[in-house]
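Dear colleague,

I am handing over the structure below, and I would be glad if you could read my notes alongside it. They start with a definition and then turn to what was found.

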Amino acid sequence: MSVDPKRVREKMVREQIEARGIKDEEVLRAMRRVPRHMFVDEALQAQAYADHPLPIGHGQTISQPYVVAMMSAMLEVKPGMKVLEIGTGSGYQAAVLAEMGADVYTVERIKALYQAARQRFNQLKYLYVKTKLDDGTAGWPEQAPFDRILVTAGGPEVPAPLMEQLDDPGILVIPVGESKRHQQLLRVIKDRGEIKRENMGSVAFVDLVGKFGW
Ligand code: SAH
C-alpha cells in the first residue's frame, strides 16, 4: 500500500466502527491492529479498508469491517476464551478474535481458502489459531465445548451440533434465513440450561454449505 496502513486503519475504526456505536475497547483495539490489507489479493489491497465486503475468490467474500466488528462485539469475547469460527475465508475475522485474546479454532470447507489462510496466520504470526479443512456445520467435536461460536456464512437454521458444542454459559452468533444471501443475524445465549434467541438485524452473507447448512 502506498499510504500508511496504520493511519488508514485508524480512520476506518473512527469512521466506520466507533461512529456507528461500537464502544468495546477490545474490539476497537483488535480492528486497529489486524492488517486487513494482508488478507486480500494484492490487486485489492488499496480497497481493503473501504466500507464494504471484498471478493476473496471461489465466490466467497471477506466481510465488511463494520460487520466483523459488530459480530466480535456481540460475542463478548474475553481473553482466554475458546472460540470456534465456522467459515475461515480469508482468516481476517479469526485474526481479529485472536487479537482479542481468544483461543481460536476455525473451520473452512474450501481447500484453497484454508491453505491461503494458514499461510497468512504463519506469516503474520497468528501462530495459535487452529485451522481445519472440513464441513464446519458439524463443528469441531474433539475440541468442544466452546465458550463462543461464530458462523460467518448464512444457513437455513442453527446447526444442531453447534448448539451441542456450545458451553453453558455460552454465546453463538449466526446469520440465519429461509432464503439464501438474506439472513437475520441471530445471537443465541445459553445460560444455566436456558436458551435465549435475539434477532440482531438483517445481513447478507454467503451460503453456509454442508450437512446442517444448504
Ligand atoms: N470469516 C471470513 C468470511 C468468510 S465468507 C473472513 O473473515 O474472511 C464465508 C466462508 O464460509 C467462505 O470461505 C465459505 O467457503 C465458508 N463456508 C461455507 N460453508 C462452510 C462450512 N459448512 N464449513 C466451513 N466453511 C464454510
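A polar contact is here a pair of N or O atoms within 3.5 Å, where, within protein, one must be able to donate a hydrogen and the other to accept it, and residues adjacent in sequence count only if both atoms are side-chain atoms. One such pair joins a polar side-chain atom of Gln-165 to the backbone nitrogen of Trp-140, at 2.8 Å. Gln-165 is buried, its relative accessible area being 8% (buried means under 20%, with a 1.4 Å probe and protein chains only).

Please note that this is a predicted model, in which local features need pLDDT of at least 70 and side-chain atom pairs count only at pLDDT 80 or more, while totals for chains, interfaces and linings use all residues. Residues are numbered from 1 along each chain as its sequence is written, and side-chain values use heavy atoms, with hydrogens and water left out.

As to the ligand, 27 residues surround it, of which Ser-90, Glu-108, Asp-135, Gly-136 and Val-209 come nearest (a residue counts as near if one of its heavy atoms lies within 4 Å). By class, this shell holds 10 nonpolar, 11 polar and 6 charged residues, where Asp, Glu, Lys and Arg count as charged, Ala, Val, Leu, Ile, Met, Phe, Trp, Tyr, Cys and Pro as nonpolar, and the others, Gly among them, as polar.

Ligand nitrogen atoms take part in polar contacts with the side chain of Glu-85 at 2.9 Å, with the side chain of Asp-135 at 2.9 Å, and with a polar backbone atom of Gly-136 at 2.8 Å.

Best regards

Conventions: Buried means under 20% relative accessible area, exposed over 50%, partly exposed in between (1.4 Å probe, protein chains only).
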